[in-house]
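The exercises below ask you to work through helix packing, a chain interface and nonpolar cores. Please keep the sequence and the structure at hand while you follow each solution.

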Amino acid sequence: MDEALWIPTAAAVLDERLISIPVERDSLRVIESIYERCASRFLRVARAIVDDPAVAEDVVQDAFAQAVLRRGSFRGSGAAEGWIWRIVVNTARSRRRRDRIEATALERLGTASEAAAADDPSGDSLRREIKRLPERQRLVVFLRYYADLDYDSIARVLAISPGTVGKLLNDARSRLEVALEGRSG
Amino acid sequence: MSERDLREALDRLVPDEEPRGTWAGVLARAESAKRGRRRRRQALVVLLAAAIAGVVSFAAYGTLAVLRSDRGVRGIPLRGQLRTPDGRPAGSIRIKLIGANVTFPGLPTVHRFVHNRHIPVETTTFPARWYLQVNGVDGDLTSGRLYIGRSVAHAGSPVATLCAPCGVRDSGTIYLTPKQARALVRHQLVFAVSTKDEPRAAAGSVGMLLERRLIRRR
């Protein structure tokens, strides 16, 4: 169980035997099983990253389609779920980047949609503070609180050390707590 | 503020929802992406095949050899004008002895460059690039050879075969012995192409091109 993800919360307890199976072996079944059990968590993280429910749905479907197509390239060096997390996070980040570029272009043309403005209520200090966080801190927060991943799993998904995960999370928490206290006070 | 407060606040921000998409949707997307990828791959294969066909057809006409410049390659250029037995011009043969130089006075002697990246020092042969262009000769060219002899009329036995069969625009590389290389720079070799009916359908004496830029005083 060294390489498999350990999920701390009861709701997210996974069949350890199943997720430890390398993707090469009966890979499609494993990916499907992960989708059936964890799609809502993937969706939640994707939504937090792209900040749009419809786009998040698209991202998760796209990411799983990529996983299906690229399952042969998975070397089985870690758990299948960790590998899929990486795909989902990277797909969501790319999508967010692309959407931002489009939004900037539209802004320059003076045709920014009103819907986009409505999605960003400036009164919500927590949301605002999350958006202000550096990207790595933001991702660590999402993977910790929305995906319920432990430090080691987050470290593997983001290709950083568990110590860095702890530091990023700590810094992010401090900033978010300030924002929350400001809102309640 | 506790960890639980932060978690609750974050939960309110992005509530847990069931996805609307299904596994069947994922598979459909994967299939569609696979088809797109296959189409792109097929287009790439077609492009690649076209490129290869282009290169092959270019090469068939000796065009690549003409396009490939040997100006940057150090060596001795030699040239021979080919003529048919009745004296008509019939093209040319160009040869470059790569990595070689010639010393005078007296009879020219061929040496290798001491520091030359084209041939290793221990090499006992001289690589020579040749470019052949033949026109006005009837029939297929069965061979192109170098013969001993100061002139076409006195050409003796063949010493090296450049091509067999030959194209009307052809090129290649041969490896000459020091003796053959020496004969070449001393104007002692003749090049001739043969056809089925004519053993010397076009021939010419091969000699050094002494260009000012290539001559250096010691």
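A crossing of two helices is left-handed if the near helix is turned anticlockwise from the far one by less than a right angle, and right-handed if it is turned clockwise. The model to which this is applied here is a predicted one.

**Exercise 1.** Determine how α4(A) and α8(A) are arranged with respect to each other, and which residues make their contact.

*Solution.* Begin with the geometry: helix α4 of chain A, residues 80-109, packs against helix α8 of chain A, residues 151-158, at an angle of about 55°, and their axes are 8 Å apart. Angles under 35 degrees count as roughly parallel and those of 65 to 115 as roughly perpendicular, and α4(A) and α8(A) are therefore oblique to each other. The handedness comes next, and the crossing of α4(A) and α8(A) is right-handed. On the side of α4(A) the contact is made by Gly82(A), Trp85(A), Arg86(A) and Val89(A), while α8(A) brings Ser153(A), Arg156(A) and Val157(A). Sorted by class, the residues of this contact of α4(A) with α8(A) are three nonpolar, two polar and two charged.

**Exercise 2.** Describe the packing of α2(A) and α3(A), and sort the residues of their contact by class.

*Solution.* The angle between α2(A) and α3(A) is about 145°, with their axes 8 Å apart, and α2(A) passes α3(A) in a right-handed crossing. Among the residues that meet are Leu28(A), Phe42(A) and Ala46(A) in α2(A), and Val59(A), Val60(A) and Phe64(A) in α3(A). The division by class for the contact of α2(A) with α3(A) is 16 nonpolar, no polar and two charged.

**Exercise 3.** Which residues of the largest nonpolar core touch the most other members, and which elements supply the core?

*Solution.* The largest nonpolar core has 51 residues, of which Val45(A), Ala46(A), Val60(A), Val88(A) and Phe142(A) touch the most other members. At least two residues of this core come from each of α2, α3, α4, α7 (135-145), α8 and α9 of chain A, together with α2 (23-60) of chain B. The element that gives the most to this core is α2(A), with 13 residues. To look at one member, leave out residues up to four places away in sequence: Ala46(A) then touches Ala56(A), Val59(A), Val60(A), Val88(A) and Ala92(A). Apart from this core lies another, of 35 residues, including Ala90(B), Leu97(B), Val190(B) and Ala201(B).

**Exercise 4.** Characterise the side of chain A that touches chain B.

*Solution.* Count the residues on both sides, which shows 26 residues of chain A in contact with 22 residues of chain B. The elements that give two or more residues to the side of chain A are α2 (27-50), α3 (53-69), α6 (125-132) and α9 (162-184), and α2(A) gives the most, with nine residues. By class, this side of chain A has 14 nonpolar, two polar and 10 charged residues.

**Exercise 5.** Summarise the build of chain B, and then decide whether Lys179(B) is buried or exposed.

*Solution.* Chain B has four helices and 10 strands, which follow the pattern α-α-α-β-β-β-β-β-β-β-β-α-β-β along the sequence. Of its 218 residues, 26% are buried. Among the contacts in chain B with a separation of 6 or more, 61% are between residues 24 or more positions apart. Lys179(B) is found in helix α4 of chain B, residues 178-185. A residue counts as exposed if 12 or fewer other C-beta atoms lie within 10 Å of its own; Lys179(B) has 10 within 10 Å and is therefore exposed. Its C-alpha atom is separated by 9.4 Å from that of Thr125(B), 54 residues apart along the chain.

Definitions and conventions:
Residues are numbered from 1 along each chain as its sequence is written. Chains are lettered from A and ligands numbered from 1 in the order in which they are written. This is a predicted model: local features need pLDDT of at least 70, side-chain atom pairs count only at pLDDT 80 or more; totals for chains, interfaces and linings use all residues. Axes are lines fitted to C-alpha atoms, for helices over the stretch in contact, and angles run from 0 to 180 degrees between N-to-C directions. Angles under 35 degrees count as roughly parallel, over 145 as roughly antiparallel, 65 to 115 as roughly perpendicular and the rest as oblique. Two residues are in contact if their C-beta atoms, placed from the backbone, lie within 7 Å. Ala, Val, Leu, Ile, Met, Phe, Trp, Tyr, Cys and Pro count as nonpolar, Asp, Glu, Lys and Arg as charged, and the others, Gly among them, as polar. A residue is buried if 20 or more other C-beta atoms lie within 10 Å of its own, exposed if 12 or fewer, and partly exposed in between; C-beta atoms are placed from the backbone. A nonpolar core is a set of buried Ala, Val, Leu, Ile, Met, Phe, Trp, Tyr and Cys residues joined through C-beta atoms within 7 Å.
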